[in-house]
Amino acid sequence: MPSSTSPDQGDDQESCILKFSDLDLKDTSLINPNSSLKAELDVNTKKKFSFAKKKAFALFVKTKEVPTPSFEYKEKWWKCCHQLFTDQTSIHRHVATQHADEICHQTAAVLKQLAVTLNTSKSLKSADKKNPLIEYLTRNHEVSTWLPDTSCFSPDELTSGQGSDEGEVLLYYCYCDLEDPHWICAWQTALCQRLHLTGKVRIATEGINGTVGGSKLATRLYVEVMLSCPLFKDYLCKDDFKASKGGAFCFPELRVGVFEEIVPMGISPNKISYKKPGIHLSPGEFHTEVGKFLSQANQEQSDTILLDCRNFYESKIGRFQGCLAPDIRKFSYFPSYVDKNLELFREKRVLMYCTGGIRCERGSAYLKAKGVCKEVFQLKGGIHKYLEEFPNGFYKGKLFVFDDRYALSYNSDVMSGRSAKA
């Protein structure tokens, strides 16, 4: 059965099903989860150690939240040890260095509660083997009409050809208002299971963000269903799906979940909406703009900034020539980076890019909302689409991907240095 947690691009507080009220944090009988703790856990629980530590950290940080002034776009600040923290980077650093013992204790508590939850789940499964998501779908007869008819295909046909040369990984997103994301979550779970797809699908009231892998037959059927779905057919087109070699083996499982944001920037969509992004440039238009920028004798004095809004470990292995690459660990740190470097963007034309385009949608909206840039542009379809048209263009190195493939190669370039940081 697939997990109901989300894709991975951040340690999201909302993805944790446990709350502090569920945990007995004063239970002194709990051992500290140091190196010996992990060794003492059974095999199944040991796999959850990293999960528990991340969630304990996120829950601890959440208890330190305080309201922000009304003029701030950010929804929250944090107060801890009589200090006020206005960005995630600083509060995370503070907690990691000053509250390690508390995090250890809470990790043990999360593990304890998780073990109880897993045991309860196993008991329920043995008593009733029905899948609750499938039961949910059967109560909603319309969902069955959204699932493809696969009766003419054998399971072998749907799962065959999933090797690196024959299978496929799809990357896509669609920003649109969804009234019932939980229903979409159930439908997506059933759809991917029927097609034997693995991967990560993230759903919110603002849209859907997915990366799924399987046979080419399965991914073709998936695209057909998405394009014919009444909720998405007016927003999605075939070109919105970025395909690359891969398959179901690229992901350990199928994870489908409902969240506040389809890509975790850490700011409510009610504050910064996808409906006010930068100007979209096709790969050809973006290529022309980058060419103009690189042809300038003194790029540092240019009125244009080529901005990579991915994480530092992504830009380290591949990036556009002459780009500015923020030294951030995850996208939820991007707003803080912008806030600290507003003067850098004042009266500048900003050319933004990311892997598939999704981070630029709200990242550009956030930058525009600051009111300091002359213009903000973004690469439509991201690096994926650019490399399809210009494999030997201005992007050098590999393209980092969030699955077991780690990176994709479109050219023979290898990055030897580091991009400009700020």
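This report covers the nonpolar cores, helix 9 and Thr 107 in a predicted model.

The largest nonpolar core holds 34 residues, and the members touching the most others are Trp 187, Tyr 222, Met 226 and Phe 232. Six elements, tabulated here, each contribute at least two residues to this core.

| Element | Residues |
|---|---|
| Strand 4 | 167-175 |
| Helix 9 | 181-194 |
| Strand 5 | 198-204 |
| Strand 6 | 207-215 |
| Helix 10 | 216-228 |
| Strand 8 | 254-258 |

A second core, separate from the largest one, has 31 residues, among them Tyr 173, Ile 272, Tyr 274 and Met 352. In soluble globular proteins, nonpolar side chains tend to be buried together.

Helix 9 has 14 residues, of which 11 are buried, so the rest of the structure largely encloses this helix. The buried residues of helix 9 include Pro 181, Trp 183, Gln 188 and Thr 189, along with Ile 184, Cys 185, Ala 186, Trp 187, Ala 190, Leu 191 and Cys 192. The length of helix 9 agrees with expectation, because 14 residues at 1.5 Å a residue should span 20 Å and the end C-alpha atoms are 20 Å apart. Just after helix 9, His 196 has a positive phi of about 60°.

Thr 107 belongs to helix 5, which runs over residues 100-127. Its relative accessibility is 2%, and a residue under 20% is buried, so Thr 107 counts as buried. A polar atom of the Thr 107 side chain lies 2.7 Å from the backbone oxygen of Ile 103.

Note on methods. Residues are numbered from 1 along each chain as its sequence is written. This is a predicted model: local features need pLDDT of at least 70, side-chain atom pairs count only at pLDDT 80 or more; totals for chains, interfaces and linings use all residues. Side-chain values use heavy atoms; hydrogens and water are left out. Helices (H or I, at least four residues) and strands (E, at least two) are DSSP runs, numbered from the N terminus. Buried means under 20% relative accessible area, exposed over 50%, partly exposed in between (1.4 Å probe, protein chains only). A polar contact is a pair of N or O atoms within 3.5 Å; within protein, one must be able to donate a hydrogen and the other to accept it, and residues adjacent in sequence count only if both atoms are side-chain atoms. A nonpolar core is a set of buried Ala, Val, Leu, Ile, Met, Phe, Trp, Tyr and Cys residues joined through side-chain atoms within 4.5 Å. The expected span of a helix is 1.5 Å times one less than its number of residues.
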